[in-house]
Structures are given as structure tokens and as C-alpha cells.
Amino acid sequence: MALFKLFNTQKVENSDMIPIENNDEQELNKGLPVENPQEDEEKKKTIVITWGTGMPIDVIFNFIHKNFEEDGFQDALVNPDIAYREAKEKIICNDLEMLFKRIILRYKNDIREIDVNIDIAKKAYALSASGRLQARRDTYVEHLDEISNMQKQLQANDPKMTTMIESYRRGFQKGMAAVAINFIDKKQK
């Protein structure tokens, strides 16, 4: 049966593709017991970081280096107004500010929990454990300092902190050029 499917396939554009569920896999897993469906849902919601420090600050770095060029291009096709571009740039900056706040809250919460654990370890004379906890706490404080510096750089429009804005502008300009070329082509016909 699979052999016939191979010869009967048609070339399909990416935009025409619609994701479908694989029923064959569901049939194979039908008789197997599910260990914990709630645990599977939690795994889907968990973000795993496999590069950088493996800590929340990596999410900020990822956002800063995200390429918004395609978004800018598409926005220019829909609305090539400069005021629209500027509004979208402010939205991107506000998203980064909110990300800063969320990450800072996370680090502060972790520091409070570590402080409690350090006190418990010291009272139990577990000095090696309290030393490891203190090292982790110091790392969190360093990350908070770095985030504070990033916020200051963003407010000063430092190019290191505005790469996502630059990629959006580049895409927007390409979109405006595409609109202009399309307009010229229509006028020549």
C-alpha cells in the first residue's frame, strides 16, 4: 500500500500543507498503557534550554537576537506606513521590557529560596551544601546585574540591544521596496 502512495504523491506548495495527525502511530500505541497523561502535558509546556548558561537570562539573549525581518516584510506589505513601523518597533521594545521584568522576578524568587536553603544548611552544619548554594546565589546576582545593564543599554538605544529592531526595519524596507516594485510593474502594463 505504501508503494502506491509513493507513486501517487503530488507536489504541494508549503502554504497548502495542513498538519494532520498520524493515525498509524495512534493505532500502534492503542494497546500500550499511558504512564501519566498529566506528566506528558507538563513536558509539552516546559521550555528546555540546551545552550548558553541554561538559565532564564538565555531567554533574553534569544529574544534580542531573534530575526524579525520576515515580520517587518509582511507588515510592510499590509501597511507600508512609517508610523505603523515605529509603533511596531515600540511594541517589540515593550515585549523585551516585559521579558526583563518576568526574568527579574524569577531570579529574585530563586534567590529568596536559596537564602532559606542556605540558612537551613548552615544550621545543619552542612557547609559544603551551603557553599554550593552560595555559589548559585552569586550567579543569580550576577545575572540580575547583567539584566540591569541590558535595561540601561536598551533605554540608551545601544546597538547591542536593538538588533531585533534593526532586523525588523530591514524587513520593513524590503517589504516597502516590494510594494513599490509591484506598483511600478502594474503601471507599466
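Arg 169 and Glu 166 are three residues apart in helix 8 and are therefore separated by about one helical turn. Helices here are DSSP runs of H or I with at least four residues, strands are runs of E with at least two, and both are numbered from the N terminus. The side chains of Arg 169 and Glu 166 meet in a salt bridge, at 3.1 Å from N to O. A salt bridge is counted when a side-chain nitrogen of Lys or Arg lies within 4 Å of a carboxyl oxygen of Asp or Glu. The model is a predicted one, in which local features need pLDDT of at least 70 and side-chain atom pairs count only at pLDDT 80 or more, while totals for chains, interfaces and linings use all residues. Residues are numbered from 1 along each chain as its sequence is written, and side-chain values use heavy atoms, with hydrogens and water left out.

**Salt bridges and their surroundings**

Arg 169 is partly exposed because its relative accessibility is 29%; Glu 166, at 38%, is likewise partly exposed. Salt bridges with shared partners join Arg 85, Glu 89, Glu 166 and Arg 169 into one network. The terms for exposure follow relative accessible area: buried is under 20%, exposed is over 50%, and partly exposed lies in between, with a 1.4 Å probe and protein chains only.

Within this network, Arg 85 belongs to helix 6 and is buried, with a relative accessible area of 14%. Beyond residues up to four places away in sequence, Arg 85 touches Tyr 168, Arg 169 and Phe 172. Contact here means heavy atoms within 4.5 Å.

How many salt bridges does a search of the whole structure find? The search finds eight. Among them is the pair of Glu 69 and Arg 170, with the closest N and O atoms 3.0 Å apart. Glu 69 lies in helix 5 (residues 69-78) and Arg 170 in helix 8 (residues 163-188), so this pair ties together parts that are 101 residues apart in sequence. Glu 69 also forms a salt bridge with Lys 174, the closest N and O atoms being 2.4 Å apart. This second pair links distant parts of the chain as well, with Lys 174 in helix 8 and Glu 69 in helix 5, 105 residues apart. Glu 69 counts as buried because its relative accessibility is 16%, whereas Arg 170 is partly exposed at 40% and Lys 174 is partly exposed at 43%.

| Salt bridge | Closest N to O distance |
|---|---|
| Glu 69 and Arg 170 | 3.0 Å |
| Lys 174 and Glu 69 | 2.4 Å |
| Arg 169 and Glu 166 | 3.1 Å |

**A buried charge without a partner**

Side chains of opposite charge can pair when their charged atoms come close. Glu 97, in helix 6 (residues 82-123), is buried yet has no salt bridge. Its nearest side chain of opposite charge is Lys 101, 5.7 Å away. For such comparisons Lys and Arg count as positive and Asp and Glu as negative, with His and the chain ends not counted. Apart from residues up to four places away in sequence, Glu 97 touches Gln 151, Leu 154 and Gln 155.

**Contacts between helices 6 and 7**

Leu 144 is found in helix 7 and counts as buried because its relative accessibility is 16%. Leaving aside neighbours within four places in sequence, Leu 144 is in contact with Ile 104, Tyr 107, Lys 108 and Ile 111. Leu 144 and Ile 57 are 87 residues apart in sequence, while their C-alpha atoms are 8.6 Å apart.

Ile 118 lies in helix 6 and is buried, at 4% relative accessibility. Not counting residues up to four places away, Ile 118 touches Ser 130, Leu 133, Gln 134 and Arg 137. The C-alpha atoms of Ile 118 and Arg 137 are 9.5 Å apart, with their positions 19 residues apart in sequence.

**Loop residues with positive phi**

Tyr 125, in the loop between helix 6 and helix 7, has a positive phi of about 55° although it is not a glycine. Tyr 125 is exposed, with a relative accessible area of 71%. Asn 157, in the loop between helix 7 and helix 8, has a positive phi near 55° and is also a residue other than glycine. At 56% relative accessibility, Asn 157 counts as exposed.
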